[in-house]
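Visitor: Got a minute to walk me through this one? I'd like to pick at it piece by piece.

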Amino acid sequence: MDLSEEKRRLLFSALATLAGLLLFLKLLSRRPSKRIRSPPTVKAWPPLIGGLVRFVRGPVPMIREEYRRLGSVFTVGLVNRRVTFLIGPEVSANFFKAPEAEMSQQEVYQFNVPTFGPGVVFDVDYSVRQEQFRFFTEALRVNKLRSYVDQMVVEAEDYFSKWGESGEVDLKYELEHLIILTASRCLLGREVRDKLFDDVSALFHDLDNGMLPISVIFPYLPIPAHRRRDKARKKLSQIFSDIISSRKLSGRTEDDMLQSFIESKYKDGRPTTEGEITGLLIAALFAGQHTSSITSTWTGAYLLRDQQYLSDAVEEQKLLMKKHGDKIDHDILAEMDTLYRCIKEALRLHPPLIMLLRSSHNDFTVKNREGVEYDIPKGDIIATSPAFANRLPHIYKEPDRYDPDRFAPGREEDKAAGQFSYISFGGGRHGCLGEPFAYLQIKAIWSHLLRNFEFELISPFPETDWNAMVVGVKGNVMVRFKRRKLLID
Ligand code: HEM
């Protein structure tokens, strides 16, 4: 072999190696869109309980850290269960849209059963639960909402008429109280609101205090808080049973959720029982009371901190007063787009339900933004987190900033990124049925406050109370108020 042949061979093998390398690199660059793999698992120490310890210490910091390290799909071992997190709209569609047979709530929300009681919601088959959710839908239709709004307005006027000309109050405490009164009137009915309010509130307080983080894992643990919960539920059952019988006997009807549940019928014609009605009312109060009062407090705290948005909201009230005078009803509240965005933005930053859960009954695959596909095995608990997903920087510009205008026409950041970008009310198959009620209630309160008072926030801007089951506002929110009448020019 002469030298030039040797060179040709060397050149040929170098070219072949290079071509092979290029082909390999090309294949490698394509791999993500084809590769199907198991979600990465969070490593935690000590084994078995390490994941649980991190989770209990703070689910949101854990999600933040693992999202940064592992991406939008990852699994955490919690003792003997796997919890797979799906974070962001690209991977969570299946969570929200899959049918109950594939992605169910029943097992993961079982801990509510001793509070809501037997025969309702998570204690019944999906077919019955669906019918009971239909009762909720009917009780929250626009024609009903119209009369609830009238009651909300009366409650707000009455409550704030008791404030003096000026003073200092804990806004959080005040709004919590007003919302309990309003919820009692609209949902539980006139009898409770007018005659039994103190007794029923105390019983609801015991129910509330009986739902602890430990209750999620051991709902029937024989601890004093659970015993008080069980006693309170029995007493509530008796109270509602008496009210229902008396309404039925007298033929008297009212404009409230209780009446709507009394009149509800299953598909086969069967009417609701007294026990079911009590359970559904408790479920409604649990779903709507803390969530709404927390949201109204955050809205106030942000408006009082960020004067620009406060004056936008006040301007809107002036315009509406010019158009409609002092009157407030359902349709006028519906015109309050600026206030709506202020509430929606407070709720984006502080969703009270920080984690939503399902149990998967089927294997399924999700694809992340980079095109990597993950196989999620059946039997996993599936979780998503409004508290984290609502602040994703690829969806929301400067996600930690309070900026209600991000929802204004032209920007609409939640819509631009597609379905399930804003999940404070969940979405899809189990999206919140009380969303319109909640907005109307918070708007009714804040439109009254903006029209009738000037405020100044005198305590530091509040922090989040991560320890509560429904995550809310930590400590007091002290404000100085002065009565005023909004002048229309
Ligand atoms: C700011 C207030 C509220 C917030 C943030 C909120 C949030 C939520 C969320 C996140 C879900 C979905 C849970 C999941 O997917 O696992 C939900 C469901 C639900 N909410 Fe609300 N909620 C609020 C007010 C209300 C009110 C006032 C009511 C009733 C009066 C209500 C009734 C319901 C019901 C019945 C469901 C179950 C829907 C289903 O599973 O099909 N909510 N809510």
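Visitor: Which helix gives the most to the shell around the ligand?
Guide: Helix 13, with five residues. Helices here are DSSP runs of H or I with at least four residues, strands are E runs of at least two, and both are numbered from the N terminus. Keep in mind that this is a predicted model, where local features need pLDDT of at least 70, side-chain atom pairs count only at pLDDT 80 or more, and totals for chains, interfaces and linings use all residues. Residues are numbered from 1 along each chain as its sequence is written, and side-chain values use heavy atoms, with hydrogens and water left out.

Visitor: OK, how many residues surround the ligand?
Guide: 24, and the closest are Tyr109, Arg358, Ser424, His430 and Cys432. A residue gets in if one of its heavy atoms lies within 4 Å of the molecule.

Visitor: What's the mix by class?
Guide: The shell has 12 nonpolar, 10 polar and two charged residues. Nonpolar covers Ala, Val, Leu, Ile, Met, Phe, Trp, Tyr, Cys and Pro, charged covers Asp, Glu, Lys and Arg, and the others, Gly among them, count as polar.

Visitor: And the iron, which protein donor does it have?
Guide: Only Cys432, through SG at 2.3 Å. Donors are N, O and S atoms within 2.8 Å of the metal (3.2 Å for Na, K and Ca), and with water not among the atoms, sites may look incomplete.

Visitor: Where does Cys432 sit?
Guide: In the loop between helix 18 (413-416) and helix 19 (435-452).

Visitor: Which side chains make polar contacts with ligand oxygens?
Guide: Tyr109 has a polar side-chain atom 2.7 Å from a ligand oxygen. For His430, a side-chain N or O atom is 3.0 Å from one, and for Gln105 the figure is 3.4 Å. A polar contact is a pair of N or O atoms within 3.5 Å; within protein, one must be able to donate a hydrogen and the other to accept it, and residues adjacent in sequence count only if both atoms are side-chain atoms.

Visitor: Switching to sheets. What's the order in the five-stranded one?
Guide: The order is 2-3-9-6-4, in an open sheet with mixed pairing. Two strands pair if DSSP finds at least two bridges between them.

Visitor: Why is one side of strand 2 and of strand 4 left without a neighbour?
Guide: Strand 2 (73-78) and strand 4 (103-104) are at the edges and have a single partner strand each, so one side of each has no neighbour in the sheet.

Visitor: What about strand 6 and strand 9, parallel or antiparallel?
Guide: Antiparallel, joined by four bridges. Ser359 has Ile381 in strand 9 as its bridge partner.

Visitor: Which strands does helix 4 lie across?
Guide: Helix 4 (residues 89-97) lies across strands 2, 3, 4, 6 and 9, at about 120° to strand 9. Contact means heavy atoms within 4.5 Å. Axes are lines fitted to C-alpha atoms, for helices over the stretch in contact, and angles run from 0 to 180 degrees between N-to-C directions.

Visitor: And the hairpin, what's in the turn?
Guide: Strands 7 and 8 have five residues between them, and Gly371 in the turn has a positive phi of about 90°. Four bridges join that antiparallel pair, and Val366 has Tyr374 as its bridge partner in strand 8.

Visitor: How does strand 1 run against strand 8?
Guide: Parallel, with two bridges joining them. Ile36 has Glu373 as its bridge partner in strand 8.
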